[in-house]
Amino acid sequence: ALPVELRTARMDRCWALRKSRAATTLLKFFSIGGGLFLIVAGIIGLSGILYGDLVYFVGSIYAILFGCTVLVVELRDKVPLVSAAYHLIDVYMKFMTLQRGKGLFYMGVGLLVLYIAPMASSVWGLNNIAALFLAIIGFSHTFRIIAESEPVLGPGATLSLDPGPDFGSSRTEWGSMVAQSTNKPGQR
């Protein structure tokens with residue numbers, strides 16, 4: 001058996017590796033690959049309509065949409081069109097900009113698509129394999145097996161949340177509290 005000090009040192013080195021650039025690049029690569037795989041599997045799964053399998057067809061449409069969402073989240077600001085779509089995610093689905101929120105989304109999508117089998121059988125289709133892959137990636141994001149750097153704050157985080165217009169003759173209690181909290185010390 002190894003001495004406790006040696007085991008502790010090895011664990012510390014291993015724990016530090018999960019934050020390395022190589023590890024985060026590998027996680028990003030697998031995440032983008034999972035999104036692409038889900039899109040390709042969804043496109044191939046659209047052929048289910050030819051066999052009268054409407055459930056698998058609809059599941060394939062979900063796979064394509066979720067795969068596109070994964071790509072938008074992972075590619076953020078690399079392409080102008082993707083950057084515009086990421087802005088919408090940044091504002092309306094803020095949890096997708098955080099590693100654990102993104103991981104829970106990936107796991108949820110993976111498990112949802114995983115249980116849509118072709119022709120209501122126990123046979124797995126390509127969608128199911130892609131979904132399982134995405135769920136595993138989601139697990140590694142959720143439990144921060146490889147830790148990403150903190151997200152860069154996008155426009156959704158920097159927007160001012162001033163109270164909206166008052167529709168009554170006097171300010172509501174909530175509006176007053178928000179207005180008070182946004183005032184700087186010494187201002188009224």
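This short presentation goes through the fold, the core, two buried residues, one helix pair and the aromatic rings of the structure above.

Colleagues, please keep in mind throughout that this is a predicted model. I begin with the overall fold. The protein chain contains eight helices and zero strands, and its pattern along the sequence reads α-α-α-α-α-α-α-α. Of the 188 residues in the chain, 34% are buried. Consider next the contacts between residues at least 6 apart in sequence: 66% of them join residues at least 24 apart.

I turn now to the interior. In soluble globular proteins, nonpolar side chains tend to be buried together. Here, the largest nonpolar core has 20 residues, and those with the most contacts inside it are Leu38, Phe105, Tyr106, Val109 and Leu134. Which elements give two or more residues to this core? They are helix H2 (21-45), helix H3 (54-75), helix H4 (80-92), helix H5 (99-114) and helix H6 (126-142).

Let us take Phe105 from that list. Apart from neighbours within four places in sequence, Phe105 is in contact with Phe66, Thr69, Phe95 and Met96. One of these partners, Thr69, is found in helix H3. Is Thr69 buried or exposed? Thr69 has 18% relative accessibility and therefore counts as buried, since the limit for that class is under 20%. With neighbours up to four places away again set aside, Thr69 is in contact with Ile89, Met93, Met96 and Phe105.

Helix H3 also holds Ile64. The relative accessibility of Ile64 is 19%, so this residue too is classed as buried. What does Ile64 touch, beyond residues up to four places away in sequence? The partners are Leu38, Ile39, Gly42, Ile43 and Leu46. For Ile43, the separation along the chain is 21 residues, while the C-alpha atoms of Ile64 and Ile43 are 6.9 Å apart.

We stay with helix H3 and look at its packing against helix H6. Two packed helices are described by the angle between their axes and the distance between the axes. The axes of H3 and H6 come within 11 Å and cross at roughly 35°, and the crossing is left-handed. On the H3 side, the residues that meet H6 are Tyr56, Gly59, Ser60, Ala63, Val70 and Glu74. On the H6 side, they are Leu126, Asn127, Asn128, Leu134 and His141. Leu134 is also among the core residues I named earlier.

My last topic is the aromatic rings. The whole structure has seven aromatic pairs. Why is the pair of Phe37 and Phe133 called edge-to-face? The ring centres are 6.4 Å apart and the planes stand at 70°, so the pair falls into that class, because planes over 60 degrees apart count as edge-to-face. This pair links distant parts of the chain, with Phe37 in helix H2 and Phe133 in helix H6, 96 residues apart. Both rings belong to residues that are partly exposed: the relative accessible area is 26% for Phe37 and 30% for Phe133. A further pair, Phe139 with Phe143, is tilted, at 4.7 Å centre to centre and 50° between the planes. Phe139 is partly exposed as well, at 43%.

Ring pairs also join Phe37 and Phe133 with Phe29 and Phe30 in a cluster. Finally, Arg18 lies over the face of Trp15, at 4.0 Å from the ring centre.

Technical notes. Residues are numbered from 1 along each chain as its sequence is written. This is a predicted model: local features need pLDDT of at least 70, side-chain atom pairs count only at pLDDT 80 or more; totals for chains, interfaces and linings use all residues. Side-chain values use heavy atoms; hydrogens and water are left out. A nonpolar core is a set of buried Ala, Val, Leu, Ile, Met, Phe, Trp, Tyr and Cys residues joined through side-chain atoms within 4.5 Å. Buried means under 20% relative accessible area, exposed over 50%, partly exposed in between (1.4 Å probe, protein chains only). Helices (H or I, at least four residues) and strands (E, at least two) are DSSP runs, numbered from the N terminus. Contact means heavy atoms within 4.5 Å. Rings of Phe, Tyr and Trp (its six-membered ring) pair if their centres lie within 6.5 Å; planes under 30 degrees apart count as stacked, over 60 as edge-to-face and the rest as tilted. A charge sits over a ring if NZ of Lys or CZ of Arg is within 6 Å of the ring centre and within 35 degrees of the ring normal. Axes are lines fitted to C-alpha atoms, for helices over the stretch in contact, and angles run from 0 to 180 degrees between N-to-C directions. A crossing is left-handed if the near helix is turned anticlockwise from the far one by less than a right angle, and right-handed if clockwise.
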